[in-house]
Each structure stands twice: as C-alpha cells, then as structure tokens.
Amino acid sequence: MDGCIFCKIAEKKLDSQIVHEDSEVIAFEDMNPQAPVHILIVPKKHIIDLLHLSSTDEGLIGKIHSVAKRIAKERKIEKGFRIICNCGEEAGESVGHLHFHLLGGRRLEWPPG
Ligand code: AMP
Ligand code: ZN
C-alpha cells in the first residue's frame, strides 16, 4: 500500500532493525521503545487493523502470536510480557497497518493507560 510505513519496512524500502522475517510476517524494533523489549510484529499483507481482518486472514493472528512467543523466549522475558494491538484512534492506533506490540523487560502495570 503506497504511503504505508509498515509496508515500506516489509518491502525493505525503509530501514528497520528486523528481528524476525518469514513469508507472511515481519518483526522489528519499535523506534520509540516503551520498555526494554519493544518489538512490533506485523503481517506483510496490508490490513488496516483488526476491524478490517477477514476470516481468510485469521491464520495470520495465530502465526503472529507464535512469533511473539519465540521472540519472548529469545529475549528472555518469559517472566512477564504483553502483546498489545491498538485498534482505533481512541486506543492510540497511529499507524494504519495491523501490528502487535510485544513489550517486556520491566514490570508492566495494570490497567494500562
Ligand atoms: P500504534 O500507536 O499502536 O499505532 O503503534 C505504532 C508504533 O509504531 C509506535 O510505537 C511507533 O513508535 C512505531 N513506529 C512508527 N514508525 C516506525 C518505524 N519507522 N520504525 C519502527 N517503529 C515505528
Ligand atoms: Zn501497510
């Protein structure tokens, strides 16, 4: 999708610190980390957000969580981590390409702000 920064990252037209890549999913360091580990896990396909997920793409969500599990183990944050998907402006969504934040490496408060 033209003008989408996460599509550009997936197409390697924009630099990022990639931590995982396969045919469907890319994961890279968030440029404005909110925790010692803050990685974005993103489907390569341009899906705007969860409200725009079609049933044929449901498998991607499971795959993204498997990638998150693998990275959490690699980064040794099994003691506590969180996967967040902001959907909609009021939830803080600022990039209109579906993405999941993997956060860990510090105590995470509840409820989130
Ligand atoms: P959200 O607010 O849930 O839409 O999350 C968007 C996230 O993308 C924010 O945490 C930003 O710091 C991050 N971000 C935006 N542009 C880039 C980029 N070029 N490389 C890495 N992270 C980015
Ligand atoms: Zn996109």
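This briefing covers the annotated histidine, the zinc site, the strands and some backbone details of the structure above. The model is predicted. An unreviewed UniProt entry carries a "domain: HIT" annotation over residues 5-113, and its "active site" annotation covers His99. Across residues 5-113 the chain is 21% helix and 23% strand, with 25 Å between the end C-alpha atoms.

**His99**

- His99 sits in the loop that runs between strand 4 (81-84) and strand 5 (100-104).
- The relative accessible area of His99 is 6%, so the residue counts as buried, the cut-off being under 20%.
- Beyond its neighbours within four places in sequence, His99 is in contact with Phe6, Leu40, Ile41, Val42, Ile84 and Cys85.
- Among these contacts, Leu40, Ile41 and Val42 are residues of strand 3 that are buried.
- The side chain of His99 reaches the backbone oxygen of His97 at 2.6 Å, and His97 is itself one of the protein donors of the zinc ion (ligand 2), through ND1.

**Zinc site**

- Four residues supply the protein donors of the zinc ion (ligand 2): Cys4 and Cys7 through SG, and His46 and His97 through ND1.
- These donors lie 2.0 to 2.3 Å from the zinc ion (ligand 2).
- The site is tetrahedral, with angles of 105 to 117° among the four donor atoms.
- For comparison, the ideal angle for four tetrahedral donors is 109.5 degrees.
- The donor residues follow the sequence spacing C-x2-C-x38-H-x50-H.
- Both cysteine donors are buried: Cys4 has a relative accessible area of 7%, and Cys7 has a relative accessibility of 4%.

**Strand 3 and its partners**

- Strand 3 (residues 37-43) is largely enclosed by the rest of the structure, because seven of its seven residues are buried.
- Val37, Ile39, Ile41 and Pro43 point one way from strand 3, while His38, Leu40 and Val42 point the other way.
- Strand 3 pairs with strand 2 (residues 25-29) in the antiparallel sense, over five bridges.
- In that pairing, Phe28 has Leu40 of strand 3 as its bridge partner.
- Strand 3 also pairs with strand 5, again antiparallel and over five bridges.
- Here Ile41 has Phe100 of strand 5 as its bridge partner.

**Strands 1 and 2**

- Strand 1 (residues 18-21) and strand 2 run antiparallel and are joined by three bridges.
- The two strands form a hairpin, with three residues between them.
- Ile18 stands opposite Phe28 of strand 2, and Phe28 is also the residue whose bridge partner in strand 3 is Leu40.

**His101**

- His101 is found in strand 5.
- With a relative accessible area of 13%, His101 is buried.
- The side chains of His101 and His38 make a polar contact at 2.8 Å.
- His38 is a buried residue of strand 3, on the side to which Leu40 and Val42 also point.
- Leaving out residues up to four places away in sequence, His101 touches Asp30, His38, Ile39, Leu40, Arg82, Ile83, Ile84 and Asn86.
- Leu40 and Ile84, which are among the residues touched by His101, are also among the contacts of His99.

**Backbone details**

- Trp110 and Pro111 are joined by a cis peptide bond, with omega about 0°.
- Pro111 is placed in the segment after strand 5.
- Lys12 is a residue other than glycine with a positive phi, near 60°.
- Lys12 is in the loop between helix 1 (5-10) and strand 1, and counts as partly exposed at 47% relative accessibility.
- Lys76 likewise has a positive phi, near 60°, in a residue other than glycine.
- Lys76 lies in the loop between helix 2 (58-74) and strand 4, and is exposed, with a relative accessible area of 68%.

Terms used: Residues numbered from 1 in each chain as written. Chains lettered and ligands numbered in written order. Predicted model: local features only at pLDDT ≥ 70, side-chain atom pairs only at ≥ 80, totals over all residues. Heavy atoms only, no water. UniProt positions renumbered as here; feature names shortened; annotations may be inferred. Helix = DSSP H or I, 4+ residues; strand = E, 2+ residues; numbered from the N terminus. Buried < 20%, exposed > 50% of the residue type's maximum accessible area, 1.4 Å probe, protein only. Contact = heavy atoms within 4.5 Å. Polar contact = N/O pair within 3.5 Å; in protein donor to acceptor, adjacent residues only side chain to side chain. Donors = N, O, S within 2.8 Å, 3.2 Å for Na, K, Ca; no water. Tetrahedral: all angles 85-135°; square planar, octahedral: opposite > 155°, others 65-115°. Pairing = 2+ DSSP bridges.
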